[in-house]
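Subject: The structure you asked about, with notes

Hi,

Here is the structure I promised to pass along. Please have it open while you read, and my notes follow just below.

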Amino acid sequence: MLLVSTNYAPERAGIGPYAAQIAEDWVTRRDAEVHVLAGMPHYPAWRVDPAWRGRWRAGELRDGVRVHRRRHTVPSRQTAVRRGLYEASILAGGLLAPPAVGRPDAILAQMPSLAGGVLAARLARRGRVPFVPVVQDLMGAAAAQSGIAGGGRAAAAAAAVERRVLAAATLVGVIHESFRERVRSLGVPDDRIRLVPNWAHVSRPTGTRADTRARLGWEPGRTVLLHSGNMGLKQGLEVLVETARLAPDLLVVLMGDGNRRAALLEAAADVPNLRILPPAGDAEFPDVLAAADALVVTQRASVLDMSVPSKLTSYFTAARPVIASVADGGGTAEEIRRSDAGWLVPPENPAALVGAAREIAADPAAADAIGARGFDYARTHLGREAGLARISALLDEALAVHRPDAAPHERKDATA
C-alpha cells in the first residue's frame, strides 16, 4: 500500500495523526507492506522540525511503516502565492524523486494537499492501481473562504486541480457529509462518494482537573476557555483576544502554534488574562483539555464548507463543553448539534463568546453534563476502531471496483 500525505507523524496536529494511524493499522491488521510519501515535519508551526532541516530527502522506518520524505518550501506567512509555491515544491519533489516502492496494490491520498493528490493520481495511473483520495479539506473553497491574501483569484485554479484529481479517483472519501455537495459540484458522481469520518485519536484524561490546573497556574474558581490547535487565518483567533479584553474575569488560553501566533502575541500584549502556550506533549494533552471549563473552536464567518476541525474529536473525548464560534450552516455547527455537546455562537462575535462562558460558569453541573454528552458521542460515533474499519472498507471496495474481471460474488466478498 502507498499512502500519500504531506503531513505525517511525528506531527501531532491536523491530519498527521490520522495518516499515521491508517498506515500503522494496515501494517498490524492487514499484514501489508506500507509506504508513505510525506513532506518534512512542519505543522502546525509552519517551520521545518530541526531534525529534518537542510535535508532534501529522508527515509525512515516508523512503527513498521516505510516513510519517504521529500523537501519542500514552508511559508511562514500564508498568501495565495506562497501557498502555491508550497504545493509546487511538494509536487516537484515527488515527481523528481518518486518513492522506490515498486507497484503498489492501491494508493490512498490525504487531501487537502493538491500536490499530494496530483502525485497519488499520477502514480496510480502509471501503476494501473486503484486511487482513493480522502478529502479532509477542500482547497478551492479554502482559498475563497479562509481570508488568505489573493485567495479569491486562486480559488478557481485550486478547484480546477481538485476537479481533475477527483475525476481520476476510483472512489472518493469525505470526512463529513457537508462536503458531499461540494465534491459533487466538482464532477464526482454521488455513487463514488463514501463517508469516512475522522475519529478520536487521543486517549482519555488520566489526571485530576485540580492537579492539572494547579500545574498550569489556572486559579481555582476562574473560568478558563481553551483553544487548542493550529493558529491560522481561517481560525480567526483574534475573536478570542477581544473576548479576553471584554471579560477580564475570564482566563482565555490559546495553546498551539501556527503562522498567526506572532500576530496574536502582539495583539494580546496588553491583555493580561490571555495566555498563549506551546502545544502540549502527547501524554499531557488530554489532561490539559479536560482541565479547561470550556473548549473553544473558532472560524471566520466566511468559512462554511471547506473544513471540519479535527480538534473536535479530541474536544469531545475530553468531556468538556464546547463553544463553537462558527457559521451556522457548516459542518462544525452540524457536529455540535448532533453531539448536543456545547454552544453555537455567531462567528467573530466576542460578546457571544462571553455570554456562553457566563452560562457555563453559572451552572458547573450542567456544564459537566454537556461535556459528558460529548464524550458519549465520541465513544459511540467517533471510535478509532470504527474509523479505521471504514477506511479499510473503502480500500477494499476500491480494490474490488478496480477488478472489472472479477465475478459478482467476488466483488461482494471484497467489500464485506
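Is Arg12 buried, partly exposed or exposed? With a relative accessible area of 42%, Arg12 comes out as partly exposed. Please keep in mind that this is a predicted model.

Let me stay with Arg12 for a moment, then move on to the domains.

**Salt bridges that link distant parts of the sequence**

Arg12 pairs with Asp282 in a salt bridge, with N and O 3.0 Å apart. Arg12 sits in the loop between β1 (2–4) and α1 (16–30), while Asp282 sits in the loop between β11 (274–277) and α10 (285–291), so this pair ties together parts that are 270 residues apart in sequence. The partner, Asp282, counts as exposed because its relative accessibility is 57%, and the cut-off for exposed is over 50%.

A second pair to look at is Arg215 with Glu284, whose side chains meet in a salt bridge at 3.7 Å, N to O. Here Arg215 belongs to helix α7 (residues 209–216) and Glu284 to the loop between β11 and α10, so the parts tied together are 69 residues apart in sequence. Glu284 is partly exposed, with a relative accessible area of 29%.

There is also a salt bridge between Glu219 and Arg222, at 3.3 Å from N to O. Glu219 is partly exposed, at 33% relative accessibility. In addition, Glu177, Arg180, Glu181, Arg184 and Asp190 are joined in a network of salt bridges. The count for the structure comes to 28 salt bridges. As a reminder of the chemistry, side chains of opposite charge can pair when their charged atoms come close.

**The two domains and where they meet**

The protein divides into domain 1, made of 2–199 + 383–401, and domain 2, made of 209–381. The contact between them draws on 28 residues from domain 1 and 27 residues from domain 2. Their C-alpha centres lie 27 Å apart.

How much area is buried between domain 1 and domain 2? The figure is about 2,100 Å², and carbon and sulfur atoms give 48% of it.

On the polar side, the interface of domain 1 and domain 2 has three salt bridges and nine residue pairs in polar contact. Helix α4 (residues 139–145) supplies the largest share of the domain 1 side that touches domain 2, namely three residues. Sorted by class, that side of domain 1 has twelve nonpolar, eleven polar and five charged residues.

**A closer look at Asp257**

Which residue forms a salt bridge with Asp257? The partner is Arg47, and the closest N and O atoms of the two are 3.0 Å apart. The side chains of Asp257 and Arg47 also count as a polar contact, again at 3.0 Å.

Asp257 is part of strand β10 (residues 251–257). At 9% relative accessibility, Asp257 is buried, because the cut-off for buried is under 20%. Leaving aside residues up to four places away in sequence, Asp257 touches Pro44, Ala45, Arg47, Gly229, Asn230, Met231 and Pro279.

If you would like a place to begin in the viewer, try the pair of Arg47 and Asp257, a salt bridge with its closest N and O atoms 3.0 Å apart. After that, go to Arg12 and Asp282, which meet in a salt bridge too.

Happy to go through any of this with you.

Best wishes

Notes: Residues numbered from 1 in each chain as written. Predicted model: local features only at pLDDT ≥ 70, side-chain atom pairs only at ≥ 80, totals over all residues. Heavy atoms only, no water. Domains from an automatic or database assignment. Contact = heavy atoms within 4.5 Å. Buried area = accessible area lost by both parts, 1.4 Å probe. Salt bridge = Lys/Arg side-chain N within 4 Å of Asp/Glu carboxyl O. Polar contact = N/O pair within 3.5 Å; in protein donor to acceptor, adjacent residues only side chain to side chain. Helix = DSSP H or I, 4+ residues; strand = E, 2+ residues; numbered from the N terminus. Nonpolar A, V, L, I, M, F, W, Y, C, P; charged D, E, K, R; others polar. Buried < 20%, exposed > 50% of the residue type's maximum accessible area, 1.4 Å probe, protein only.
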